[in-house]
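Please work through the following exercises with the sequence and the model at hand. Attempt each task before reading its solution.

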Protein chains: 2
Amino acid sequence: MIRLLLAEDQGMMRGALALLLGLEEDFEIVAQVGDGEEILPKALETEPDAALLDIELPGRSGLDAAADLRERLPGCRVLILTTFGRPGYLRRAMEAGASGFLVKDGPVEELAAAVRRVLAGERVIDPALAAAALSAGPNPLTQRERDVLAAAVDGATVADIAARVHLSPATVRNYLSAAIGKTGTRNRMEAVRAARQNGWL
Amino acid sequence: MIRLLLAEDQGMMRGALALLLGLEEDFEIVAQVGDGEEILPKALETEPDAALLDIELPGRSGLDAAADLRERLPGCRVLILTTFGRPGYLRRAMEAGASGFLVKDGPVEELAAAVRRVLAGERVIDPALAAAALSAGPNPLTQRERDVLAAAVDGATVADIAARVHLSPATVRNYLSAAIGKTGTRNRMEAVRAARQNGWL
DNA sequence: GGCCCGCCATGACATTTGTCCTGGCCGCGC
DNA sequence: GCGCGGCCAGGACAAATGTCATGGCGGGCC
């Protein structure tokens, strides 16, 4: 019997996946969570064989949770299941010790198969996405540049960003300028979009 | 037997919902589409009793498709199923003649029940969302203001927007200023976010 | 030790952006 | 007819933004 933990914030998606995987003879969903903070506690409590994690979660990113799991529950395989096939996400997932990376497009049939293959020791990764991740190269942004960009997503002014990150407004502008340069864009919003597109945030 | 059409772009979600609804004794999924353009042709071909439509679709919005269906296939009830419970979406869905409006949070069990209730002639709407839609009031933005805002989403400059909408840069700035004023925001990006938040785009 | 980075900050500067005002052109309602 | 509002454009001005140069601080690496 394969014991599964399922982390997904959209209630309907979570319920549908749980029902679906529950239909498989050898699968058992031992935990369902909708918040990233709950993943580790629930996993420690139920000790699943595999965890199916969404990335964009309230509370704590599925990628961070994956790293937690590798450290605290090494016997549990981690599968990332996400809407967006961003190269940087795949890279971070691999660095966090994930065994599989699936996108929410593609047929549901893949899902159970992927879980089984991961449990058998295989790595499951979309080949096209793997190629994209390699060709895209690593994240060129420094920590601070990421912080500042992340604080700029919702159209905040320099002053707002400076307050959020506890920096001088002038420094913020310098980091923004650097990020704009590195992403090859023309203004902060384009830089934010480019960084998100690549999974660099 | 209730004949259903299902429109949803995420393959995994679409497959999961189809399997799930297919489990109901009296449901039959007669068509599945992942593109908004395909909704009307498929519906005319299969003549379903109800259509379950996502809003954010490639090709054509689920809201526009809903209007198409009301006009060309009045016997078909329309249920909108969307990730975002934006007040403006609900309003537009009602104006397009939809009988139900569900958000993708909330349990899957609601889904089949909602379809049955809609087929029985009821309207199915999240009460909290209905209240929000009423309190938010109608869309205050004019057509041109929406156009210009929509063209500004990805951090385009005034010149870019002007080229896209075939307007003078000065006019674009005026429309942006008007949109910023009407949304009560401080710059174009905040205006874009506010407008999207309310489903005004 | 010297060198390279990342980090933080400031000043100066050109460009872009947001605001306000003026004006003209239409269509609609009273 | 008159007023109102949406549509289009331009000018003038203040504020925000993006760039560049300069400087100091600290930690790695050879």
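**Exercise 1: An annotated span**

In this predicted model, the C-alpha atoms at the two ends of residues 3-119 of chain A are 11 Å apart, and the span is 44% helix and 22% strand. Task: state which UniProt annotation covers this span of chain A.

Solution. The unreviewed UniProt entry annotates residues 3-119 of chain A as "domain: Response regulatory".

**Exercise 2: The surface near DNA strand D**

Task: describe the residues around DNA strand D by class, and name those that come nearest.

Solution.
Step 1. Apply the cut-off: a residue is near the strand if one of its heavy atoms lies within 4 Å of it.
Step 2. Sort the residues near DNA strand D by class: 5 are nonpolar, 9 are polar and 4 are charged.
Step 3. Of the 18 residues around the strand, the nearest are A:Arg173, A:Arg188, B:Thr142, B:Arg144 and B:Ser168.

**Exercise 3: Contacts with backbone and bases**

Task: determine which parts of DNA strand D the side chains of A:Arg188, B:Arg144 and B:Asn174 approach.

Solution.
Step 1. Of the strand's atoms within 4 Å of the protein, 55% belong to sugar or phosphate, and the rest belong to bases.
Step 2. A side-chain N or O atom of A:Arg188 is 2.8 Å from a phosphate oxygen. For B:Arg144, the distance from such an atom to a phosphate oxygen is 2.3 Å.
Step 3. The side chain of B:Asn174 has an N or O atom 2.8 Å from a base oxygen.
Step 4. The elements giving two or more residues to this surface are α9 (169-183) of chain A, and α7 (143-151) and α9 (169-183) of chain B. The most, 5 residues, come from α9(B).

Technical notes:
Residues are numbered from 1 along each chain as its sequence is written. Chains are lettered from A and ligands numbered from 1 in the order in which they are written. This is a predicted model: local features need pLDDT of at least 70, side-chain atom pairs count only at pLDDT 80 or more; totals for chains, interfaces and linings use all residues. Side-chain values use heavy atoms; hydrogens and water are left out. UniProt positions are given in the numbering used here, feature names are shortened, and annotations may be inferred rather than shown by experiment. Helices (H or I, at least four residues) and strands (E, at least two) are DSSP runs, numbered from the N terminus. A polar contact is a pair of N or O atoms within 3.5 Å; within protein, one must be able to donate a hydrogen and the other to accept it, and residues adjacent in sequence count only if both atoms are side-chain atoms. Ala, Val, Leu, Ile, Met, Phe, Trp, Tyr, Cys and Pro count as nonpolar, Asp, Glu, Lys and Arg as charged, and the others, Gly among them, as polar.
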